[in-house]
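Dear colleague,

I am handing over the structure we spoke about, and my notes on it follow below. Please read them with the coordinates open beside you.

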Amino acid sequence: MASSSSNIDEEGIEKQEPTPLEKHVMFFDINKDGVIYPWETYKGFRKIGSGVLLSTVASIFINISLSGKTRPGKWPSPLFPIEVKNIKFAKHGSDSDIYDTEGRFVPEKFEELFKKHARTNGNALTAGELDELLKANKQPKDFAGHIAAKSEWKVLYLLCKDEHGLLPKDTVRSVYDGSLFELMAKAKKSKKHGDKSSP
């Protein structure tokens, strides 16, 4: 069952908490204004340890792909902004359905993914199992959705696989609950400070 939460603001009005999908992308909203521009996407990827080339390609691809979908009824913008509040409209096909149509996390779908595909190690995915997952999720004639899903998973594997070439289940879960990028940025920052303090 999908989960969502809300709280009460100072005026006693119920405020809806950001969905996990919104939290997932809010990391890239560097100035926290609810809109993500390509240069913010680039900075976000650099913060989690991506190289210049990957960060550049990812920022162009992501913003061009998602901008129009998150700005329904508006004229296209040459700056390709992504509106965080509308990120649920950018959900693509050929995915795992771990986010529902409102951008909420569906635990049952997450567990199903690992039960079905994590055969070598029940708590991780190998590169081959990841390829099988992508193949299984591919919908007929959904080229754009398949490319988007493949790009997301391959970048995740590239950045987060362990020394044995496994993508841990906890890491994948942190993608969906919106905490992964903050954790990666903190780890990179700590490593950088540690390197500076080394003799």
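**What was found in the model**

K141 sits in the loop that joins α5 (127-137) to α6 (143-160). Its backbone drew my attention, since the phi of K141 is near 65°, a positive value in a residue other than glycine. As a reminder, most residues other than glycine have a negative phi. K141 is exposed, with a relative accessible area of 88%. Please bear in mind throughout that this is a predicted model.

A second residue of this kind is D97, which is not a glycine either and has a positive phi of about 60°. D97 belongs to the loop between β4 (82-83) and α4, and with a relative accessibility of 37% it counts as partly exposed.

As for the overall architecture, the protein contains eight helices and six strands, and along the sequence these elements follow the pattern β-β-α-β-α-α-β-α-β-α-α-β-α-α. Of its 199 residues, 40% count as buried. Among the contacts with a separation of 6 or more, 50% are accounted for by residues 24 or more positions apart.

The helix pair that I looked at is formed by α4 (residues 107-117) and α7 (residues 169-176), whose axes come within 12 Å and cross at roughly 150°. Because angles over 145 degrees count as roughly antiparallel, this crossing makes α4 roughly antiparallel to α7. The crossing in which α4 passes α7 is right-handed. On the α4 side the contact is made by F110, E111 and F114, which meet K169, V172, R173 and Y176 on the α7 side. Sorted by character, the residues of this contact comprise four nonpolar and three charged ones, with no polar residue.

Turning to the charged side chains, the structure holds eleven salt bridges. In general terms, side chains of opposite charge can pair when their charged atoms come close. Three of these pairs are described here, including one that belongs to a network.

- E83 and K74 meet through their side chains in a salt bridge, at 2.5 Å from N to O. E83 is buried, with a relative accessible area of 11%, whereas K74 is partly exposed, with a relative accessible area of 45%. Both residues also take part, together with R71, in a network of salt bridges.
- K91 forms a salt bridge with D95, and the closest N and O atoms of this pair are 3.1 Å apart. Here K91 is partly exposed, with a relative accessible area of 27%, while D95 is buried at 19%, a value that falls under the 20% limit for a buried residue.
- R104 is joined to D100 by a salt bridge whose closest N and O atoms are 2.9 Å apart. R104 is partly exposed, with a relative accessible area of 27%, and D100, at 16% relative accessibility, counts as buried.

Which of the two residues in the pair of K91 and D95 is buried, and which is partly exposed? The buried one is D95, and the partly exposed one is K91. The pair of E83 and K74 can be read in a similar way, with E83 buried and K74 partly exposed, as can that of R104 and D100, in which R104 is partly exposed and D100 is buried.

With best regards

Key. Residues numbered from 1 in each chain as written. Predicted model: local features only at pLDDT ≥ 70, side-chain atom pairs only at ≥ 80, totals over all residues. Heavy atoms only, no water. Axes fitted to C-alpha atoms, helices over the stretch in contact; angles between N-to-C directions. Helix = DSSP H or I, 4+ residues; strand = E, 2+ residues; numbered from the N terminus. Parallel < 35°, antiparallel > 145°, perpendicular 65-115°, else oblique. Left-handed = near helix turned anticlockwise from the far one by under 90°. Contact = heavy atoms within 4.5 Å. Nonpolar A, V, L, I, M, F, W, Y, C, P; charged D, E, K, R; others polar. Salt bridge = Lys/Arg side-chain N within 4 Å of Asp/Glu carboxyl O. Buried < 20%, exposed > 50% of the residue type's maximum accessible area, 1.4 Å probe, protein only.
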